[in-house]
Amino acid sequence: QVQLTELGGGSVQPGGGLRISCTASGFTSSDYCMAWFRQIPGGQREGVAAFRTGTSSSLYADSVKGRFTISRDSAENTIGLWMNGLKPEDTAMYYCAADVSFCALDDTYYTYWGHGAQVTVSS
């Protein structure tokens with residue numbers, strides 16, 4: 001029923017910025033949670049940021065606070081992640097996740113997942 005689509009992955013130089021977005025379809029309620037996780041090959045998923053649409057509240061991992069911003073995008077049913085001051089260690093596959101109730105940086109309880117967008121930070 002619910003489908004998530006990521007857009008905007010790519011390659012950037014250290015210190016640069018990049019915007020990725022996640023568009024959701026199939027939600028019957030306007031109040032849900034959308035989050036971003038990232039994963040490197042062989043590693044576990046790391047929570048990056050989460051956004052609750054009903055309250056416009058956000059949550060960030062300590063590693064990205066002050067550099068990343070998650071917010072509602074102008075496009076309908078879309079949440080954007082604005083990444084600034086990118087570092088090589090930010091290189092990962094970024095996955096969009098969503099749930100109607102849970103909203104935190106633990107990947108265990110999210111019901112819906114996108115297929116990922118690759119972000120590469122290198123010179």
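**N77 sits in the loop between strands β7 and β8 (78–83).** The view comes from a predicted model, in which local features need pLDDT of at least 70, side-chain atom pairs count only at pLDDT 80 or more, and totals for chains, interfaces and linings use all residues. Residues are numbered from 1 along each chain as its sequence is written, and side-chain values use heavy atoms, with hydrogens and water left out. Strands here (E, at least two residues) and helices (H or I, at least four) are DSSP runs, numbered from the N terminus. Have a look at the backbone: N77 is not a glycine, yet its phi is positive, at about 55 degrees. Most residues other than glycine have a negative phi. With a relative accessible area of 40%, N77 is partly exposed; that class lies between buried (under 20%) and exposed (over 50%), using a 1.4 Å probe and protein chains only.

**S56 is another non-glycine residue with a positive phi, near 55 degrees.** Its place is the loop that runs between β5 (46–52) and β6 (57–60). S56 has a relative accessible area of 43%, so this serine counts as partly exposed.

**S30 lies in the loop between β3 (18–25) and β4.** At a relative accessible area of 64%, this serine is exposed. Which residues does S30 touch, once its neighbours within four places in sequence are set aside? The answer is T53 and G54, where contact means heavy atoms within 4.5 Å. S30 and T53 are 23 residues apart along the chain, while their C-alpha atoms are separated by 7.0 Å.

**R38 is a buried arginine, with 7% relative accessibility.** You will find R38 in strand β4, which covers residues 33–39. Which side chain shares a 2.8 Å polar contact with the side chain of R38? That partner is D90. A polar contact here is a pair of N or O atoms within 3.5 Å; within protein, one must be able to donate a hydrogen and the other to accept it, and residues adjacent in sequence count only if both atoms are side-chain atoms. Not counting residues up to four places away in sequence, R38 also has Q44, R45, E46, V48 and S63 among the residues that it touches. The list for R38 goes on with V64, F68, A92, M93 and Y94.

**F68 belongs to strand β7, residues 68–72.** Is F68 buried or exposed? Its relative accessibility is 2%, so F68 counts as buried. Beyond four places in sequence, F68 touches R38, V48, Y60, L81, W82, M83, N84, L86, D90 and Y94. R38 and D90, the pair from the polar contact, are thus both worth spotting around F68. F68 and A49 are separated by 19 residues in sequence and by 8.2 Å from C-alpha to C-alpha.

**L81, in strand β8, is a partner of F68 seen from the other side.** Its relative accessibility is 0%, so L81 counts as buried. Leaving aside neighbours within four places in sequence, L81 is in contact with L18, R19, I20, W36, V48, A49, F68, T69 and I70. L59 lies 22 residues from L81 along the chain, with 12 Å between the two C-alpha atoms.

**Stepping back, the whole protein has 11 strands and 0 helices.** Its radius of gyration is 13 Å, close to the 14 Å that the globule rule gives for 123 residues, so the protein is as compact as a globular protein of that length. That radius is taken over C-alpha atoms, and the rule is 2.2 Å times the number of residues to the power 0.38. Along the principal axes, the C-alpha atoms fill a box of roughly 45 × 30 × 25 Å. Of the 123 residues, 41% count as buried. Among contacts between residues at least 6 apart in sequence, 55% join residues at least 24 apart.
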